[in-house]
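Have a look at this structure with me. We'll take a slow walk through its strands and its rings.

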Amino acid sequence: LAGLWAGLTDPPQGTVKKREVLRKSDTELVFYDQVKTPVVSDRDYTMRISQSKDEKTGSLQVRFETANELGPPAASGFVRIPVVRGSWLIEPSEGGGAKLTYQCYSEPGGSIPAFMVRGAQQNQVVVDMRRMLDRAQRAASAK
C-alpha cells in the first residue's frame, strides 16, 4: 500500500499530460488530471482517492471516484469524464504475500459510447498493475 500510495503523486506518465494535486493527507488524495487521448478529444477530471485498513482482517483498501465538483471547471478543449470509480483491495495471504483485487468502472464522456474505449482501458489496467507492483517491490526493498 505504501508503494501504491506514494506513487499517486509521481510525475504523470503515459496519457496524463498534467496532474495538479489539490488536497493530500495520510488517507485521502484529490487531484485534477488532463488526459491526452488518441483520435478523440482530450479528457479531464478531478479524482478523490481514499485508503482504509480493516484492523480485524489486515485488508487494505484504496477507493477512487471522480469528484469533479472538487476541482476546476472543464478546461477549454477538453471533455469532462463524468464517472470513474473503483478500488484496489489488498488481502493478506496465509504464508505471506497478498491477494490483490482491482475493480474499475468508467464512462468516457462526450459522444463516445463506453464500449468503444474498453480495449484501451483494459490495456491501461495492465500498465497500472505493473507500475503498482514495481512500486510495491521498491517499497519492500527499501525496508
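What follows is a tour of a predicted model, starting with strand pairing and ending with aromatic rings.

Let's begin with strand β3, which covers residues 43-53. Alongside it runs strand β2, residues 28-35, and the two pair in the antiparallel sense over eight bridges. If you want a spot to zoom in on, try leucine 29, which stands opposite isoleucine 49 of β3.

Strand β3 also pairs with β4, again in the antiparallel sense, this time over seven bridges. Here serine 50 is the residue to find: it stands opposite arginine 63 in β4. β3 and β4 form a hairpin with six residues between the strands, and in this hairpin glycine 58 takes a positive phi near 80°.

There's a further partner to meet. Strand β5, just residues 79-80, pairs with β3 in the parallel sense over two bridges. Arginine 43 has its bridge partner in β5, namely valine 79.

Now for the rings. How many aromatic pairs does a search of the whole structure find? It finds two. Take phenylalanine 64 and tyrosine 102 to begin with: their ring centres are 6.2 Å apart and their planes meet at 25°, so this pair counts as stacked. The cut-off behind that word is an angle under 30 degrees. Along the chain these partners are distant, 38 residues apart, with phenylalanine 64 in strand β4 (residues 60-66) and tyrosine 102 in strand β7 (residues 98-107).

Are these two rings' residues buried or exposed? Phenylalanine 64 is buried, at a relative accessible area of 11%, while tyrosine 102 is partly exposed, at 23%. The line between those two classes is drawn at 20%.

Tyrosine 102 has another ring partner, tryptophan 88. Their centres are 4.5 Å apart and their planes lie at 50°, so this pair is called tilted. Tryptophan 88 belongs to strand β6 (residues 83-92) and tyrosine 102 to β7, so the contact ties together parts that are 14 residues apart in sequence. With 8% relative accessibility, tryptophan 88 counts as buried. Put the ring pairs together and you get a cluster of Phe64, Trp88 and Tyr102.

One last stop, back at a ring in β2's stretch of the chain, residues 28-35. The charged end of arginine 19 sits over the ring of phenylalanine 31, at 4.1 Å from the ring's centre.

How values were computed
Residues are numbered from 1 along each chain as its sequence is written. This is a predicted model: local features need pLDDT of at least 70, side-chain atom pairs count only at pLDDT 80 or more; totals for chains, interfaces and linings use all residues. Side-chain values use heavy atoms; hydrogens and water are left out. Rings of Phe, Tyr and Trp (its six-membered ring) pair if their centres lie within 6.5 Å; planes under 30 degrees apart count as stacked, over 60 as edge-to-face and the rest as tilted. Helices (H or I, at least four residues) and strands (E, at least two) are DSSP runs, numbered from the N terminus. Buried means under 20% relative accessible area, exposed over 50%, partly exposed in between (1.4 Å probe, protein chains only). A charge sits over a ring if NZ of Lys or CZ of Arg is within 6 Å of the ring centre and within 35 degrees of the ring normal. Two strands pair if DSSP finds at least two bridges between them.
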